[in-house]
Each structure stands twice: as structure tokens, then as C-alpha cells.
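Colleague: Please take a close look at the charged side chains of this model, and above all at the salt bridges, with the cut-offs stated so that I can check each statement against the coordinates.

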Amino acid sequence: MSANIIDLGDLRRILRACAGAEQGVDLDGDILDVTFDDLGYDSLAVMETASMITREYGVAIDEDALLEATTPRLLIDLVNAA
């Protein structure tokens with residue numbers, strides 16, 4: 001079985017770098033199944049996050065699949081399946 005490309009810690013770092021953290025949102029909490037919308041990240045911020053993942057890890061993320069990845073868990077799974 002291959003190793004994961006990114007984990008939640010990596011994603012937290014990238015989210016903060018791309019769009020910061022919405023006031024009142026604790027990215028260090030249990031956010032795996034919280035929607036990006038509820039975390040204060042709009043679709044543009046998620047697309048920028050995917051772009052940074054591509055630049056840092058060399059993983060191309062399909063835009064249609066990215067739209068379906070509405071939570072950190074789904075985005076991590078999408079990247080690690082690529």
C-alpha cells in the first residue's frame with residue numbers, strides 16, 4: 001500500500017497559507033467532516049488550496065472532483081487517491 005501524499009496537518013498548513021483562518025474557526029479542532037463553507041472557505045479558496053497542493057506535491061486535481069470534495073476528509077482522500 002502506498003503512503004499518503006498529504007494528511008490533515010498538511011492541509012491545515014495549506015489552508016492557512018491560501019486564505020488564512022476565519023475568525024472563530026479552530027482549524028486545529030476536529031474539522032475532517034466540517035464543510036469548507038462552514039469553515040469559512042469559499043470555492044475560490046478551495047481552488048487556490050488545490051493549486052498549492054499541485055505546486056507543492058505534483059498532484060493534479062480534477063476540477064469536477066474538487067467540486068465534490070466539500071470537506072477536508074474528502075479533499076485529502078481525493079489527493080491521496082491521485
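Modeller: I begin with the conventions, then go through the salt bridges and their surroundings, and end with the core.

The model is predicted, so local features are taken only at pLDDT of at least 70 and side-chain atom pairs only at pLDDT 80 or more, whereas totals for chains, interfaces and linings use all residues. Residues are numbered from 1 along each chain as its sequence is written, and side-chain values use heavy atoms, with hydrogens and water left out.

The structure holds 4 salt bridges, a salt bridge being a side-chain nitrogen of Lys or Arg within 4 Å of a carboxyl oxygen of Asp or Glu. In one of them, Asp28 pairs with Arg16, and the closest N and O atoms are 3.1 Å apart. Asp28 lies in the loop between α1 and α2 and Arg16 in helix α1, so this pair ties together parts that are 12 residues apart in sequence; helices here are DSSP runs (H or I, at least four residues), numbered from the N terminus. Asp28 counts as exposed at 54% relative accessibility, while Arg16 is partly exposed at 36%, where buried means under 20% relative accessible area, exposed over 50% and partly exposed in between (1.4 Å probe, protein chains only).

Another salt bridge joins Asp33 to Arg73, with 2.7 Å between the closest N and O atoms. Because Asp33 sits in the loop between α1 and α2 and Arg73 in helix α4, the pair ties together parts that are 40 residues apart in sequence. Arg73 is partly exposed, at 35% relative accessibility. Glu48 and Arg55 also meet through their side chains in a salt bridge, at 3.4 Å from N to O; Glu48 is partly exposed, with a relative accessible area of 35%, whereas Arg55 is exposed at 54%.

Asp37, too, belongs to the loop between α1 and α2, and it is exposed, with a relative accessible area of 62%. Its C-alpha atom is separated by 14 Å from that of Asp26, 11 residues away along the chain.

Negative charge also gathers in a surface patch made up of Asp62, Glu63, Asp64 and Glu68. Such a patch is built from residues with over 30% relative accessible area and no salt bridge, like charges being joined within 9 Å, and the place of a charge is taken as CG of Asp or CD of Glu. Glu68 is found in helix α3, residues 63-68, and counts as exposed at 61% relative accessibility. In the loop between α2 and α3 lies Ala60, which is exposed at 64% relative accessibility.

Away from the charges, the largest nonpolar core has 22 residues, and those with the most contacts inside it are Phe36, Tyr41, Ile53, Ile61, Leu75 and Val79. A nonpolar core is a set of buried Ala, Val, Leu, Ile, Met, Phe, Trp, Tyr and Cys residues joined through side-chain atoms within 4.5 Å. Helices α1 (8-19), α2 (43-57) and α4 (72-81) each supply at least two residues of this core, and α2 gives the largest share, 5 residues. In soluble globular proteins, nonpolar side chains tend to be buried together.

Key
Patch = residues over 30% accessible without salt bridge, like charges linked within 9 Å, V, L, I, M, F, W, Y side chains within 5 Å. Areas by Shrake-Rupley, 256 points an atom, 1.4 Å probe, with all protein chains shown as cover. Lys, Arg positive; Asp, Glu negative; His and termini not counted.
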